[in-house]
Protein chains: 2
Amino acid sequence: MAGRAAVPEVIWARPERTGRGPKPAFTRADIAAAAVRIADAEGLEAVSMRHVAAELGCGTMSLYNYVPRKEDLYELMIDSVGAEHEIFEPTGDWRADMLRNAEETRAIMRRHTWVPRLMSGVYGFSPNTLRYLEHCLACLEPLDVPAGTKTELIALVNGVVTTYTANDIATVERTRSMPWSEEEENAVRMAYLGSQVATGAYPRLAAAFMEQSGPVDLEAVFRRALERVLDAYDPELR
Amino acid sequence: MAGRAAVPEVIWARPERTGRGPKPAFTRADIAAAAVRIADAEGLEAVSMRHVAAELGCGTMSLYNYVPRKEDLYELMIDSVGAEHEIFEPTGDWRADMLRNAEETRAIMRRHTWVPRLMSGVYGFSPNTLRYLEHCLACLEPLDVPAGTKTELIALVNGVVTTYTANDIATVERTRSMPWSEEEENAVRMAYLGSQVATGAYPRLAAAFMEQSGPVDLEAVFRRALERVLDAYDPELR
DNA sequence: AGCGCACTACGTACGCTGTACGTAACTAGG
DNA sequence: CCTAGTTACGTACAGCGTACGTAGTGCGCT
């Protein structure tokens with residue numbers, strides 16, 4: 001019966017099952033896993049209600065018993081990969097710990113290249129997100145600043161990781177399901193960039209491109225940016 | 001005739017018009033402006049080829065003469081709002097200038113709330129993006145570090161602006177076209193968050209939430225984060 | 001014990017999407 | 001002037017999210 005609710009709803013506040021009626025055939029985790037599997041293998045645009053239902057082996061509309069709107073499926077997916085974060089024992093060195101957390105986030109995003117695109121549209125207080133936030137706060141215990149500053153630091157680190165990794169990944173995700181390769185796409189884009197810089201309209205940009213010799217080490221760039229951010233919050237450096 | 005190309009293509013490398021045949025009825029700017037108007041007024045999901053074509057007063061398929069794929073329309077939109085960046089004369093104070101640039105980016109995103117969501121999927125070497133990049137490099141002229149470090153600083157600032165502003169905006173964009181208000185959605189989410197924190201599963205998170213009294217000043221948080229990032233690149237502070 | 005209700009399951013249908021393809025009109029270059 | 005390359009756009013198709021209705025299931029209450 002029902003009809004969808006006319007009131008906002010957080011999927012995590014919904015109980016997973018309610019007792020009356022037939023036992024649900026799937027858990028939320030099952031559904032999230034299926035969606036993640038599809039997104040990993042065929043790209044985010046392949047994640048449709050029909051496709052996920054087929055992967056689970058049930059009718060399309062049955063999915064709506066578990067997930068009121070597609071957006072909630074996305075939230076499930078984000079939470080699902082959040083579980084991949086290792087909650088380790090803080091070492092007492094908050095910089096090293098946060099660096100480790102950041103590298104792990106980056107690794108997760110590399111494994112699941114659709115994550116950055118979903119992150120900018122999702123609210124982000126899923127269970128695993130909260131768990132990770134709590135873990136970061138534990139890592140920052142030795143840092144002697146107000147709690148508010150700590151959460152700001154965490155947000156900043158996550159932001160940097162997301163932006164940098166999203167850029168690395170963008171081409172991969174875009175060329176998926178295109179009839180040409182990532183290398184071809186990159187070559188065409190670089191050729192265009194070169195032609196623009198060559199017009200002389202962007203002298204400083206041109207100089208910057210001339211300066212760099214050889215390919216960029218994305219990993220090194222990423223780590224440098226992160227170190228800078230941590231520097232900015234390190235009392236011992238001020 | 002045609003049939004779409006089986007080779008990657010940068011829309012900016014396409015000439016706007018080619019000489020033979022009837023004069024194109026629209027410029028790329030016209031199309032971008034129409035799409036931006038729709039996205040601003042009705043949200044990003046209302047930007048469809050049909051809708052944009054209607055806004056321009058032409059048939060749906062005519063649009064494909066100008067924009068080979070919808071993704072390219074997105075690229076046009078990003079470039080279009082990039083034109084809103086004021087290219088001012090650098091003052092000689094790189095920190096102040098970059099702060100101004102960042103505030104402007106934030107303002108643009110607030111005017112066009114769909115920008116952050118598009119940014120994580122778009123490559124980003126459009127004419128106006130290049131123009132802005134060049135402008136930032138001009139602002140950083142007084143800063144005595146290698147050009148590579150400067151571009152890293154710019155990337156970091158843009159990343160921070162995007163992440164922070166995206167979070168502020170997420171709810172607004174989500175509740176558009178929903179039968180409930182932004183305040184209602186926020187209330188429901190906050191209630192859920194409170195209930196989770198109250199379980200005691202996240203003690204440090206709970207403490208952080210207790211510490212803050214009164215509503216958060218998002219603008220102040222944003223500015224603080226930015227200052228930290230600039231600190232991290234300021235030679236006078238190391 | 002058994003009734004009723006809350007729940008699961010899912011087929012059908014609607015309005016929307018991106019876009020492939022074919023045809024007609026137009027105009028600059030040879 | 002002719003023709004080749006372009007613009008314009010109607011039609012069509014596969015796929016999307018999801019509203020709605022119906023059938024079946026089993027817990028909780030009387």
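Which of the 26 residues around DNA strand D come nearest? They are A:Ser48, A:Arg50, A:Lys70, B:Met61 and B:Tyr66. Of the atoms of DNA strand D that come within 4 Å of the protein, sugar and phosphate make up 53%. The model is predicted.

**DNA strand D**

Both chains appear among those nearest residues. The surface near DNA strand D holds 11 nonpolar, 9 polar and 6 charged residues. A:Arg50 reaches a base: an N or O atom of its side chain is 2.5 Å from a base nitrogen of DNA strand D. B:Arg20 also has a side-chain N or O atom by a base nitrogen of this strand, at 3.3 Å. B:Tyr66 meets the backbone instead, with a polar side-chain atom 2.8 Å from a phosphate oxygen of DNA strand D.

**DNA strand C**

Around DNA strand C there are 24 residues. A:Thr18, A:Met61, A:Tyr66, B:Arg50 and B:Lys70 come nearest. Sugar and phosphate supply 54% of the atoms of DNA strand C that lie within 4 Å of the protein. The nearby surface divides into 10 nonpolar, 8 polar and 6 charged residues. A:Arg20 addresses a base nitrogen of DNA strand C. A:Ser62 and B:Lys70 address phosphate oxygens of that strand, the former through a polar side-chain atom and the latter through a side-chain N or O atom.

The side-chain distances to both strands are listed here.

| Residue | DNA strand | Strand atom | Distance |
|---|---|---|---|
| A:Arg20 | C | base nitrogen | 3.4 Å |
| A:Ser62 | C | phosphate oxygen | 3.2 Å |
| B:Lys70 | C | phosphate oxygen | 2.6 Å |
| A:Arg50 | D | base nitrogen | 2.5 Å |
| B:Arg20 | D | base nitrogen | 3.3 Å |
| B:Tyr66 | D | phosphate oxygen | 2.8 Å |

**The interface of chain B and chain A**

How many residues of each chain are in contact? Chain B contributes 68 and chain A contributes 68. Together the two chains bury about 6200 Å², with 62% of that area on carbon and sulfur atoms. Polar links are present too. There are 19 residue pairs in polar contact across the interface, with both residues at pLDDT 80 or more. Salt bridges between the chains number 8. One salt bridge joins the side chains of B:Glu141 and A:Arg204, with N to O at 3.0 Å.

**Rings and charges**

A:Arg228 lies over the face of B:Tyr233, 4.2 Å from the ring centre. This pairing links a residue of chain A to one of chain B. Within chain B, the charged end of B:Arg100 sits over the ring of B:Phe88, at 3.8 Å from its centre. Over all chains, the structure has 2 aromatic pairs.

Notes
Residues numbered from 1 in each chain as written. Chains lettered and ligands numbered in written order. Predicted model: local features only at pLDDT ≥ 70, side-chain atom pairs only at ≥ 80, totals over all residues. Heavy atoms only, no water. Near = heavy atom within 4 Å. Polar contact = N/O pair within 3.5 Å; in protein donor to acceptor, adjacent residues only side chain to side chain. Nonpolar A, V, L, I, M, F, W, Y, C, P; charged D, E, K, R; others polar. Phe/Tyr/Trp six-rings, centres within 6.5 Å; stacked < 30°, edge-to-face > 60°. Lys NZ or Arg CZ within 6 Å of the ring centre and 35° of its normal. Contact = heavy atoms within 4.5 Å. Buried area = accessible area lost by both parts, 1.4 Å probe. Salt bridge = Lys/Arg side-chain N within 4 Å of Asp/Glu carboxyl O.
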